[in-house]
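Me: I am new to this structure and would like to understand what each description rests on. Could we take the descriptions one at a time and hold each against its definition?

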Amino acid sequence: MKLNDVIKDCITLKLDGRATDGAIQVFGGNFLSEQKPVLPIEVRDKETLLWMMQGADDVHIYVASGVFHFNALYKPADRFPAARIYYLKTENLLALGSVGVFLERNGLTLKPINDAGFSKLIDDLDYPQRFSTWRQERDSEARSFEGLFNGRRKNTAVDGAIWLSSDGKCLVCGAETDRVSTTTVQGGSGLLIGLQLCSTHEAEAQEQSTLLNYVAKHLGGMVMFDNFQQVSASEALELACEALKTELDCTVEKVQDQAITARRPSGVAVIVRYVSPMNYAYNVQAPDGTNLSRVDSANHHKVPYGPDHHHPDLRKSKKKIVESSFTYGNVGMDVKLIRKMILDAETKLMVTSQQQSTAASTMVAAASKMTASIEEITQHAAHALNMANQAEALSKGGGRGIYQVVSDMAGIARSAQQSAQVIRTLDKESEAITALFRLSRALPIKPTCWP
């Protein structure tokens, strides 16, 4: 929002220069910095300048680097640390004379001012201390609103915010209050607007069509959303279906009993339940129907900004982790968080699939090794049998074959030892295979078995 637009609206509403400056103070805090003791606002024409000069603390001509500035100056206020200057500027002497004549005809004669006089008017020497005090008070007043804005900027379509500062007082009646009321204007994105009302006027505002209309009526402003109507549940579901298809690449499978079932190409399902902005939920499920994450509006968790909350991980070990969701119950507005929930679910499924593939590969490798060990045992056994047959033949030849028999028996012993070693190794591998088969029962795969 441009400050000149605020001025234009105030003039349309016939607010005088002092009242218009008060409106600028509400919005102008967003433009202050510690280094600039002045909030300069270049007006669009001499008529607007005249409007702001009527009621200003000082009017003058200030010359800087050959440029003439016609200034309407409002001094620093208790709730606004910087001076506000509404000005027109020109280097053209003819334009200078034209504006001067226009102002004189309307009863204003301007005198030039030097740097020392200008510095005294804006009180620049004390500005750093005024700014520091103002900033601390403003941060304390708007801290909860700032936290809400940061959460909604992260999780929703909101990308801007306006805090209508009233110095810790109800914007309508001026009573002390620590309550914060908000509304969101949605176009291509969302603009969050925050202000303070006492409990009485907050309750009254909730009975109106919009918070902005309520405030405008009480402050004498223009009603901007006079024809506003709440979206029905069926209309909200239609809008949700469209957002699921266009924003989240989902196929809508069914709409039944105030709930939408949609599915991603990955097989991940998104279940949207909507009754009202105060009664809704988003569930993200695995292809087999397992709940992975959820957002809902039930008031059964203590979260800083509630009752709307987010369960980022519904696995048993992490099910109790709950955080503020900052959501609206509008899929189009809440698309950032829903998209993150979907992507997190798809990442978990991918990791699980890789783990299953690794486990299956390990089982195949172990089984292959076991088969090779069995073949080695068979070879050793055949070799031992052959050597035993040779020894028997030699023993029939008498004493001449004794030496050879002894030698062959030693060979048999060595083969037996080798076979025993292989059998011991195979026994260990069998234990590993058994453990792997136990693991396979816990994984959703069907292991291949060998005879």
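Me: What makes the approach of the backbone oxygen of R179 to the side chain of Q196 a polar contact?

Reply: The backbone oxygen of R179 and a polar atom of the Q196 side chain lie 3.5 Å apart. A polar contact is a pair of N or O atoms within 3.5 Å, of which, within protein, one must be able to donate a hydrogen and the other to accept it, while residues adjacent in sequence count only if both atoms are side-chain atoms; the 3.5 Å separation therefore meets the distance limit. The model is a predicted one, in which local features need pLDDT of at least 70 and side-chain atom pairs count only at pLDDT 80 or more, whereas totals for chains, interfaces and linings use all residues. Residues are numbered from 1 along each chain as its sequence is written, and side-chain values use heavy atoms, with hydrogens and water left out.

Me: Is Q196 buried or exposed, and how do you know that?

Reply: Its relative accessible area is 2%, and buried means under 20%, exposed over 50% and partly exposed in between, with a 1.4 Å probe and protein chains only, so Q196 is buried. Q196 sits in the loop between β8 and α7 (199-205). Apart from neighbours within four places in sequence, the residues in contact with Q196 (heavy atoms within 4.5 Å) include E141, W163, S166, G168 and R179.

Me: Why is S140 called partly exposed?

Reply: S140 has a relative accessibility of 46%, which falls between the two limits, and therefore it counts as partly exposed. S140 belongs to helix α6 (residues 127-155), where a helix is a DSSP run of H or I with at least four residues and a strand is a run of E with at least two, both numbered from the N terminus. The C-alpha atom of S140 is 9.3 Å from that of G168, although 28 residues separate the two along the chain.

Me: What does α6 lie across?

Reply: Helix α6 lies across β6, β7 and β8, running at about 165° to β6; such an angle runs from 0 to 180 degrees between N-to-C directions, with axes fitted to C-alpha atoms, for helices over the stretch in contact. These three strands form an open sheet in the order β6-β8-β7, with mixed pairing. The edges are β6 (158-163) and β7 (181-186), each of which pairs on one side only, and neighbouring strands in this sheet are turned by 25° against each other on average, direction ignored.

Me: How do you know that β6 and β8 are joined as a pair?

Reply: Two strands pair if DSSP finds at least two bridges between them, and five bridges join β6 to β8 (residues 190-195), which run parallel; the requirement is therefore met. One of the bridges sets W163 opposite G194 in β8.

Me: Why is strand β3 described as largely enclosed?

Reply: Eight of the eight residues of β3 (residues 67-74) are buried, so the rest of the structure largely encloses this strand. In a regular strand the side chains alternate between the two faces of the sheet. Both faces of β3 are covered, with V67, H69, N71 and L73 buried on one side and F68, F70, A72 and Y74 buried on the other.

Me: Which strands pair with β3?

Reply: Strand β2 (residues 58-64) pairs with β3 in the antiparallel sense over seven bridges, and A72 is the bridge partner of V59. Between these two strands the hairpin has two residues, and S65 takes a positive phi near 55° there. Strand β4 (residues 83-90) is likewise joined to β3 by seven bridges and runs antiparallel to it, with N71 standing opposite Y87.

Me: What makes β9 and β15 edge strands?

Reply: An open antiparallel sheet of seven strands runs in the order β9-β10-β11-β12-β13-β14-β15. Because β9 (251-256) and β15 (323-324) each have a single partner strand, one side of each is left without a neighbour in the sheet. Strand β14 (residues 309-311) pairs with β15 over two bridges, which meets the requirement of at least two, and H310 has E323 as its bridge partner.
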